Amino acid sequence: MSQRPPAPPSLQELRKEIDAIDEAMHRLLMQRGDIIDRLIQVKQTQEVGSAFRPAREASMMRDIVQRHRGILPLDTVESIWRVIISTFTYVQAPFSVHADISVSEPAMRDSVRFHFGFTVPYVAHFSAQAAVEAVAKSKGDLALVSATSSRTPWWLELEADGAPKIIARMPFVERADHPAALPVFAISRVADSAVVTEVETFSVRVSGWNAEVARALSPLADIVAVPDTAFDGAALLVSVTSATSIDRIRAALIEAGASVRSTALVGSHATRYTVPPTGPKS
C-alpha cells in the first residue's frame, strides 16, 4: 500500500518560519553593529576624510548581485544593502549628503534615499558647484551631482591636491526601469587605499571644441562638456575605462583639431553592473 504524500505546511507553520528568519536577520544586524562598535574603538575614527570605502562597497555589491536569485526584486536587495552600508558608515563617522537638485529634485531625492536611507542627513543645493563647495569645506561629507549633464564645470574644484574626488557612480546596478535611475557621481575625500580605479575621471580643458570634436570622442569615453571662457573652448569631464586611456583621449582631441590645455585626474569609480534584458538569474 503506497504512502500518502505529506500534507503541505499550514499558513501558521510558514509564518513561523518567516518570523524566525526575521528575528535572525535582526539579530545579525545587531551583531554587525557590535562589530562596528569594536571597529570604531580600534580605528578611533582618526583617519583623514570620510569613512567611505568605495572599493570594498563595490566588491560587496558585485557579490550580492551575482549571487542573487528568486522572486525578491534585485532593486530591493540593492537598496537594503546600500542603506545598511551607508548607515553603518554614518555610525562610524557621521556625514551629510549634499545633493544638487537643479537637474531634478524628485529624482535626486529618490537617489539619495535609495542609496543612503533616511538616517543620513540630506542637504539640498541649487547647483552642483554649491554641493561640491559644501563638501570641500567639510571633513567627511559627500556630494551627489549629475553624471551626465552640468551647467558649470564643477569638477575644476576637484583638481587640487587634497580636494575631494569622485569616488563612485550610482546606481551601481544598471537597468532600464531602476527606481533610482538618475546617474550621479558621489564626491568625497577618502583614503588612497580605499578607492577603486576601474573607471578614471579626468578634468580636461580644451580650445577648439566643436560638434566634430565631440563626435570623435563619443565612441571612446563618457563625456560631460560645458563652455570654458578661459580657453575659448570647453571644460570636459571624461570617464576613461580600462579599454582606453587618457593619452588616447588627448590624441583623439588633437587629431580632431582641438588643443589640449590641461588634464587632471579628479577621481575614479567602479565599473557598473549591467543587468541583462532577461534579468538576473532566478
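**Figure 1. Packing of helix H3 against helix H4 in the predicted model.** Helix H3 (residues 74–92) and helix H4 (residues 105–116) pack at an angle of about 75°, and their axes lie 6 Å apart. Because angles of 65 to 115 degrees count as roughly perpendicular, H3 and H4 are described as roughly perpendicular to each other. On the H3 side, the contact is made by Asp75, Glu78, Ser79, Arg82, Val83 and Ser86; H4 contributes Arg113, Phe114, His115 and Phe116. The residues of this contact divide into 3 nonpolar, 3 polar and 4 charged.

**Figure 2. Salt-bridge network of Asp75, Arg175 and Asp177.** Asp75, a residue of H3 that takes part in the contact with H4, also belongs to a network of salt bridges. Its partners in the network are Arg175 and Asp177. The structure holds 10 salt bridges, and further examples are shown in the views that follow.

**Figure 3. Salt bridge between Glu174 and Arg272.** The closest N and O atoms of Glu174 and Arg272 are 2.8 Å apart. This pair links distant parts of the chain, with the two positions 98 residues apart in numbering. Glu174 belongs to strand S5 (residues 173–174), while Arg272 is placed in the loop between strand S10 (259–269) and strand S11 (273–274). Glu174 has a relative accessibility of 23% and therefore counts as partly exposed. Arg272, at 27% relative accessibility, likewise counts as partly exposed.

**Figure 4. Salt bridge between Asp228 and Arg205.** The closest N and O atoms of this pair are 2.8 Å apart. Asp228 lies in strand S8 (residues 222–228) and Arg205 in strand S7 (residues 199–207), and the pair, 23 residues apart, links distant parts of the chain. Asp228 is buried, with a relative accessible area of 7%. Arg205 is buried as well, its relative accessible area being 18%. Both residues are assigned to this class because buried means under 20% relative accessible area.

**Figure 5. Salt bridge within helix H7, between Asp247 and Arg250.** The side chains of Asp247 and Arg250 meet at 2.5 Å, N to O. Both residues lie in helix H7 (residues 246–255), where they are 3 residues apart, about one turn of the helix. Asp247 counts as exposed, with 52% relative accessibility, whereas Arg250 counts as partly exposed at 27%.

**Figure 6. The cis peptide bond from Met170 to Pro171.** Most peptide bonds are trans. The bond from Met170 to Pro171 is cis, with omega near 5°. Pro171 is found in the loop between strand S4 (165–170) and S5. Strand S5 also contains Glu174, the residue paired with Arg272 in Figure 3.

**Figure 7. Overview of the chain, as context for the close-up views.** The chain contains 7 helices and 11 strands. Its C-alpha trace spans about 90 × 50 × 35 Å along the principal axes. Of the 282 residues, 43% count as buried. The accessible surface comes to about 15500 Å², and 54% of this surface belongs to carbon and sulfur atoms. Among contacts with a separation of 6 or more, 77% are between residues 24 or more positions apart.

Notes: Residues are numbered from 1 along each chain as its sequence is written. This is a predicted model: local features need pLDDT of at least 70, side-chain atom pairs count only at pLDDT 80 or more; totals for chains, interfaces and linings use all residues. Side-chain values use heavy atoms; hydrogens and water are left out. A salt bridge is a side-chain nitrogen of Lys or Arg within 4 Å of a carboxyl oxygen of Asp or Glu. Helices (H or I, at least four residues) and strands (E, at least two) are DSSP runs, numbered from the N terminus. Buried means under 20% relative accessible area, exposed over 50%, partly exposed in between (1.4 Å probe, protein chains only). Axes are lines fitted to C-alpha atoms, for helices over the stretch in contact, and angles run from 0 to 180 degrees between N-to-C directions. Angles under 35 degrees count as roughly parallel, over 145 as roughly antiparallel, 65 to 115 as roughly perpendicular and the rest as oblique. Contact means heavy atoms within 4.5 Å. Ala, Val, Leu, Ile, Met, Phe, Trp, Tyr, Cys and Pro count as nonpolar, Asp, Glu, Lys and Arg as charged, and the others, Gly among them, as polar. Accessible areas come from the Shrake-Rupley method with a 1.4 Å probe; for residues, only the protein chains shown count as cover.
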